[in-house]
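Colleague: I'm new to this one. Can you take me through it, starting with the ligand?
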Amino acid sequence: MCSTCGCDGDGATIEHHHEHPHHHPAHSHDGHIHSHSTAPEAERVRRVAVEQDLLARNNAQASTNRRTFTQTGVLALNLVSSPGSGKTTLLVKTIERLAGQLPVAVIEGDQQTSLDAQRIRTTGAPATQINTGKGCHLDATMVADALCALPLASGGLLLIENVGNLVCPASFDLGEAHKVVVLSVTEGEDKPLKYPDMFRAADLMLLNKCDLLPHLDFDIAKAEAYARQVHPAIRIIRVSATQGEGMDEWLAWLQQQARACKVVADTLGRAAATTTPA
Ligand SMILES: Nc1nc2c(ncn2[C@@H]2O[C@H](COP(=O)(O)OP(=O)(O)O)[C@@H](O)[C@H]2O)c(=O)[nH]1
Ligand SMILES: [Mg+2]
């Protein structure tokens with residue numbers, strides 16, 4: 001069960017391309033977590049302990065993932081948003097624009113279907129789909145398992161599209177360098193205030209579908225102010241995945257972050273080489 005909402009993630013399957021989907025029990029979410037105030041105190045304490053254990057185990061696996069990314073020199077990003085904000089569209093356009101410049105691999109998270117992984121594969125990029133079943137977020141073990149089937153190139157990108165949900169994915173570290181929250185202008189300005197954990201957890205907010213602004217009653221300055229109210233240091237880029245606005249700034253940010261990851265990996269590699277006895 002998810003420690004945040006009590007949803008059941010036990011039925012997750014990972015579809016490796018060219019393979020049949022298989023049941024994936026390794027990351028079982030055990031425990032039964034609800035936060036009803038009427039639960040007896042002992043039961044409440046037990047549930048809090050289970051919840052803490054669940055998050056501790058996730059954090060341990062996330063650290064292992066992060067070490068892998070750091071040593072390999074891969075920039076791993078966790079894209080989070082509500083359903084339909086344009087994550088997959090953004091990923092497809094991003095991969096197309098980066099062709100020949102940066103190697104990109106993608107992990108797709110949805111409760112059901114491989115539709116998004118199929119959309120990514122049309123670009124030629126390798127993609128692995130994770131279906132979380134009743135689960136509402138990806139966890140670090142799902143990502144570790146999905147990595148087995150994905151090529152990670154030094155200096156390249158691993159883009160992880162999380163399950164559409166502005167709540168639970170905020171609590172689950174996948175080992176990413178940054179969470180990137182996508183908010184589309186059709187969702188209302190108030191979402192950063194209503195879901196502050198997510199906007200606090202993200203280092204970058206992509207404000208998508210800006211091409212629709214002339215048709216909407218959406219106060220973009222207010223949306224940005226709300227995001228900064230909950231996370232003063234959050235970086236914001238206004239984009240339109242379909243029309244291209246802001247994509248240059250987003251791509252420049254990606255390139256800069258990817259270069260920084262490669263520099264760290266190269267430095268670690270040289271340090272390891274000089275300390276290894278001949
Ligand atoms: N007008 C407009 N529509 C967009 C934009 N980005 C995505 N969409 C549309 O929004 C819908 C949901 O997009 P999708 O990428 O599937 O969202 P996801 O659920 O976050 O992966 C699709 O119909 C897209 O064509 C955008 O920048 N502008
Ligand atoms: Mg999608």
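Colleague: Which residues come nearest to ligand 1?

Modeller: This is a predicted model. In it, 16 residues surround ligand 1, and Gly86, Lys87, Thr88, Thr89 and Lys209 come nearest.

Colleague: Which helix gives the most to that shell?

Modeller: Helix 2, residues 87–98, with three residues.

Colleague: And how do the shell residues divide into nonpolar, polar and charged?

Modeller: Three are nonpolar, 10 are polar and three are charged.

Colleague: Switching to the largest nonpolar core. Which members touch the most others?

Modeller: Val106, Val143, Leu159, Ile160 and Val181, out of 61 residues in that core. In soluble globular proteins, nonpolar side chains tend to be buried together.

Colleague: What is Val143 in contact with, leaving aside neighbours within four places in sequence?

Modeller: Asn65, Ile107, Leu138, Ile160, Leu174 and Gly175.

Colleague: Where is Ser114?

Modeller: Ser114 is in the loop between strand 4 (104–110) and helix 3 (115–121).

Colleague: Why does Ser114 count as partly exposed?

Modeller: Because Ser114 has 18 C-beta neighbours inside 10 Å, and a buried residue needs 20 or more, an exposed one 12 or fewer.

Colleague: Which residues does Ser114 contact, beyond four places in sequence?

Modeller: Glu15 and Gln129. Ile14 is 100 residues away along the chain, yet its C-alpha atom and that of Ser114 are separated by 9.9 Å.

Colleague: Last thing, where does pLDDT stay under 50?

Modeller: Over residues 24–36, for which the model has 29 contacts beyond four places in sequence. The chain averages a pLDDT of 90, and 87% of the residues score at least 70.

Note on methods
Residues numbered from 1 in each chain as written. Chains lettered and ligands numbered in written order. Predicted model: local features only at pLDDT ≥ 70, side-chain atom pairs only at ≥ 80, totals over all residues. Near = placed C-beta within 6 Å. Helix = DSSP H or I, 4+ residues; strand = E, 2+ residues; numbered from the N terminus. Nonpolar A, V, L, I, M, F, W, Y, C, P; charged D, E, K, R; others polar. Core = buried A, V, L, I, M, F, W, Y, C linked by C-beta atoms within 7 Å. Contact = placed C-beta atoms within 7 Å. pLDDT = per-residue confidence, 0-100.
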